[in-house]
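Visitor: I am new to this structure and would like a close look at one part of it. Please take the sheet and the helices that go with it, and go through them step by step.

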Amino acid sequence: MKSVVVTGTSSGIGRACALMLDRNGFRVFAGVRKGVDGESLRAAASEALTPVNIDVTDSESIHAMAEQVAREVGDAGLAGLVNNAGTTLPCPVECLPLDTFRHQLEVNLVGPLAVTQALLPLLLRGRGRIANVTSVAGRAAVPMMAPYVAAKHGLEGLSDVLRLELSDLGMHVAIVEPGFVSTEMRHKLERDTEDTIRSLPPTAASRYGPQLMALADSISSHAAQGSSPDVVAKSVLHALTSDKPRIRYPTGAGARRMLILRRILPDRQFDHVVRRAATRSARADN
Ligand SMILES: NC(=O)c1ccc[n+]([C@@H]2O[C@H](COP(=O)([O-])OP(=O)(O)OC[C@H]3O[C@@H](n4cnc5c(N)ncnc54)[C@H](OP(=O)(O)O)[C@@H]3O)[C@@H](O)[C@H]2O)c1
């Protein structure tokens, strides 16, 4: 049985990946931070699925997980790693606390690197593949989302470097770029947007509040009508199992269209498209 580690499997895309890989015969080590999330996964999966504690910002939890996985997979090593865990936090750059920015980079960029480094010996042993879940925001900027955009752009670059370094060793690194996917993330974004606006000084709240609210409404309403997380999980499954895995997987509602526009439009015109999209609710499109 081939083994794979997936981070951030308590909900959304990570949970869909863990369950789809389980259904397709993988032994899944599913990263969670709460026991209750591990139990919920166990109830939905085969007996082969093992919840493991992974907080991607906590090196002790990463090393304990790597040791546990090493003991259980032995000489076979790992067939795959899916770096999926991630968070967003909306805030205008002018008011962004540096510690908040650092924490977002820690979860979305340093975390995947730390998990990858800890598992590389096992991945090399198993000639495993890596699938890094970035975002359309990894190639196209979104206002009010500097930490997320910077981290996801960074994760795209890191993934490209890793692929170049590992390809001679028979390993593949794929980049999975979701568009709008219906997950918990949109509810978290709505909550965080309200918290951010409350935390801003009055002048900044009146300057940026309307943009923040419009962006949250746009992302949230598009994500509510977005793809099922299974759509992204199918791309991850392809990346880990296909004879001809792709390098990039734009996947889920709007991803391909947005990335084609990013490629063909001059920067100024693309800015215009993004600014319009960032203030346009999906409800207005219907
Ligand atoms: N939904 C979309 O439209 C969309 C679009 C583009 C990209 N993505 C990317 O897809 C990935 C999954 O997002 P999702 O939409 O499925 O959101 P989600 O349902 O909110 O899932 C996020 C997962 O990340 C975990 N996580 C957060 N911080 C963590 C940490 N420090 N250590 C370990 N795990 C942590 C969460 O665990 P807890 O429950 O313990 O917090 C949760 O399992 C993210 O990388 C996101 O950037 C999503």
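Guide: In this predicted model, strand β2, helix α2 (residues 35–44) and strand β3 together make a β-α-β unit, and the unit is right-handed. The two strands of that unit, β2 and β3 (residues 50–53), are paired in the parallel sense, with four bridges between them. One place to find this pairing is G31, which stands opposite V52 in β3.

Strand β2 itself covers residues 27–32, and five of its six residues are buried, so the strand counts as mostly covered, given that buried means under 20% relative accessible area. On the path into β2, the chain leaves β1, passes through helix α1 (residues 12–23) and then enters β2; this β-α-β crossover is also right-handed.

Strand β1 (residues 3–6) runs parallel to β2, and four bridges join the two. Two positions can be used to follow the pairing: S3 stands opposite R27 in β2, and V6 stands opposite A30 in β2. In a regular strand, side chains alternate between the two faces of the sheet. In β1, S3 and V5 point one way, V4 and V6 point the other way, and all of them are buried.

Strand β1 also has a pairing with strand β4 (residues 80–83): three bridges join them, and they run parallel. Here V5 has L81 of β4 as its bridge partner.

These pairings belong to an open sheet of seven strands. Its order is β3-β2-β1-β4-β5-β6-β7, with parallel pairing. At the edges are β3 and β7 (248–251), each of which pairs on one side only. On average, neighbouring strands of the sheet are turned by 20° against each other, direction ignored.

Further along the strand order come β5 (residues 129–133) and β6 (residues 173–178), which pair in the parallel sense over four bridges. V133 has V176 as its bridge partner in β6. Helix α5 (residues 146–166) lies across β5, β6 and β7, and runs at about 155° to β6.

Next, the helices and how they pack. Helix α1, already met on the way from β1 to β2, also packs with helix α8 (residues 229–241): their axes come within 8 Å and cross at roughly 50°. That angle makes α1 oblique to α8. The crossing of α1 past α8 is right-handed. On the α1 side the contact is made by G12, I13, A16, C17, M20, L21 and R23, and on the α8 side by P229, D230, V232, A233, K234, V236, L237 and L240.

A second helix pair is α6 (residues 185–199) and α7 (residues 202–224), whose axes are 9 Å apart and which pack at an angle of about 175°. Angles over 145 degrees count as roughly antiparallel, and α6 and α7 are therefore roughly antiparallel to each other. From α6, the contact is made by R186, L189, E190, T193, T196 and I197. From α7, the residues are A205, G209, L212, M213, A216, I219, S220, A223 and A224.

Two single residues can be added to the picture. C95 is found in the loop between β4 and α4 (98–125). With a relative accessible area of 21%, C95 is partly exposed. Leaving aside neighbours within four places in sequence, C95 is in contact with L200 and A204. C95 and F180 are 85 residues apart in sequence, and their C-alpha atoms are 27 Å apart in space.

The other residue is R257, which lies in helix α9 (residues 255–264). R257 counts as exposed because its relative accessibility is 59%. Between the C-alpha atoms of R257 and H63 there are 39 Å, and the two residues are 194 residues apart along the chain.

Definitions and conventions: Residues numbered from 1 in each chain as written. Predicted model: local features only at pLDDT ≥ 70, side-chain atom pairs only at ≥ 80, totals over all residues. Heavy atoms only, no water. Buried < 20%, exposed > 50% of the residue type's maximum accessible area, 1.4 Å probe, protein only. Pairing = 2+ DSSP bridges. Right-handed = clockwise from strand over helix to strand, strands pointing away. Axes fitted to C-alpha atoms, helices over the stretch in contact; angles between N-to-C directions. Parallel < 35°, antiparallel > 145°, perpendicular 65-115°, else oblique. Left-handed = near helix turned anticlockwise from the far one by under 90°. Contact = heavy atoms within 4.5 Å.
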